[in-house]
Amino acid sequence: MADTITIIDDRTGKKVTVPITGGTFPSSALRELDPSLFMYDPAYQSTASCASAITYLDGDAGVLRYRGYPIEQLAEKSTFLEVAYLLLKGELPTAEQYAQWTWDVTHHTYVHENMRKRFVDGFHYDAHPMGMFVSATAALGTFYDDAKDIFDKSSFDKQVMRLVAKVPTIAAMCQRFSQGLPFVLPNNSLSYSENFLNMMFRVGDDYKIDPVLSRAMDVLFILHADHEQNCGTTTMRVVSSAQTDPYTATAAAAAALYGPLHGGANEAVVRMLTEIGSIDNVPGFIEEIKNGSDLLWGFGHRVYKNFDPRATIIKKTAYEVFDVTGRNPLLDVALKLEEVALNDDYFRSRRLYPNVDFYSGLIYQALGFSVDVFTVLFAIPRTVGWLAHMQELLGDREQKLSRPRQLYVGVEERNFVPIADRK
Ligand code: SDX
């Protein structure tokens, strides 16, 4: 049997046969039948917008691979900077490449003093850290006159390395500003995750970084680094298709991630668990969800219809963190919520399972992060995925300026009525 699909236009009897490649067929086949025909697909639920070699998902099997490597192996054996190199360059680095990449990133963690002293200080005292992060990322590009040289590979690679290196510094500045604490400058003797924790939490000279906690931070960064064509990455690709600079495109992607249905869910989960308060309230809360009171935050996924492999790894990491920090009391509420929901047909019939955001917030809270910075913790590693996709799009000869069509459902033509004659 040929891997093809034949489409027949019943109005004319015309038919076209096109190949099926990786579960997709070119929608241009429709234009061969009738140039005025377009696929109607709200929220792109049945549309492949690009060809990509970066990340592979199998939603039914709960499979996630970065450049072919299973996420379970990377979470166990790799580091975030090594995974960043893999996502961006396509291969795991040699020891020499890894040393150079680590040196480059480590020595580009500072941001311009005007960012630190003027830009961040201009925010209101209670500005949400994600609003600050989105703004600061776009502003960062204004400090580099080569930011727009996106087709000059060495220049583009430099912007990528700057963003990978500086987003933790920006994130830490946002958090410290929100707490009214002085900024802690990057420390080049620390690893990527150790440096981030140091900038976030150091007060005085007695701050010690627990290796279990910095490793947990690194694993969380690995798990959040990329996830193929999610809402934020699709935004990155759409904006990059206009040949926008990588800083502004990253800000646009972060703006999409900010939404509670996407990256903002980790914050919503902890607020939900706090509101539930105790395991005794879980059955009643679940009934309210089933009556449509709200979403069960941290549950459900457009692709994973069995389990999110990242949630499994995060749950394991949570216990390792709690061994050091002490158990987060909300964990019991989360475990009970998961147990009740997974045994309730309302959720099973809708194939709703814990996603990456369900447990991650519990770890962030145990690490000492304030709830409103959780999505910033998602944006830091995802900046690597966004940039890898921007880079891939710019090199894809099939890609052009993103400009979908629409199904017009408005009124037909009508003539202007002077205001004096309007009823
Ligand atoms: C991320 O795409 C990615 O890869 C994203 C991400 C990444 O790494 O980039 O994985 C990160 O964004 C994870 C998702 C985090 N979001 C949340 O936890 C918010 C809660 N989840 C829902 O908003 C929802 O599950 C979505 C948006 C994640 C996915 O929804 P879909 O695929 O659009 O599914 P749907 O809305 O069509 O839901 C199907 C049914 C509906 O019920 P019916 O209308 O059929 O009766 O399930 C219901 C929905 O109402 N439903 C939920 C629910 N999620 C879906 N009901 C209660 N609680 C939920 N969480």
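A residue is taken as buried when its relative accessible area is under 20%. By this criterion, in the predicted model examined here, F201 and F369 are both buried. These two residues form one of the 15 aromatic pairs that the structure holds. Their rings adopt a tilted arrangement, with 4.8 Å between centres and 55° between planes. The contact connects distant parts of the chain, since F201 belongs to helix α8 (residues 192–201) and F369 to the loop between α17 (356–367) and α18 (374–394), a separation of 168 residues.

A second pair, formed by F299 and F358, is edge-to-face, with a centre-to-centre distance of 5.0 Å and an angle of 90° between the planes. This pair also links distant parts of the chain: F299 is located in the loop between α13 (282–290) and α14 (309–325), whereas F358 is part of helix α17, 59 residues apart. F299 and F358 are each buried.

Ring pairs further assemble a cluster that comprises F80, Y192, F196, F201, F221, Y364, F369 and F374. The tilted pair of F201 and F369 thus contributes two members to this cluster. Another aromatic residue, Y346, has a charged neighbour: R350 is positioned over the face of its ring, at 3.8 Å from the ring centre.

The β-structure was examined next. An open sheet is formed by three strands in the order β3-β4-β5, with antiparallel pairing. Strands β3 (55–58) and β5 (69–70) occupy the edges and have a single partner strand each, so one side of each lacks a neighbour in the sheet. In general, strands of a sheet pair through backbone hydrogen bonds, in either a parallel or an antiparallel manner. Between β3 and β4 (residues 63–66), which run antiparallel, there are four bridges. Within this part of the sheet, L57 has L64 of β4 as its bridge partner.

Cysteine pairing was also considered. A disulfide is a covalent bond between the sulfur atoms of two cysteines. A search of the whole structure returned zero disulfides. For C50, the nearest cysteine sulfur is that of C231, 14 Å away, whereas a disulfide requires sulfur atoms within 2.5 Å. Conversely, the nearest cysteine sulfur to C231 is that of C50, and C231 is likewise in no disulfide. The surroundings of the two residues were also computed: C50 is buried, with a relative accessible area of 19%, and C231 is partly exposed, with a value of 45%.

Note on methods. Residues numbered from 1 in each chain as written. Predicted model: local features only at pLDDT ≥ 70, side-chain atom pairs only at ≥ 80, totals over all residues. Heavy atoms only, no water. Pairing = 2+ DSSP bridges. Helix = DSSP H or I, 4+ residues; strand = E, 2+ residues; numbered from the N terminus. Phe/Tyr/Trp six-rings, centres within 6.5 Å; stacked < 30°, edge-to-face > 60°. Buried < 20%, exposed > 50% of the residue type's maximum accessible area, 1.4 Å probe, protein only. Lys NZ or Arg CZ within 6 Å of the ring centre and 35° of its normal.
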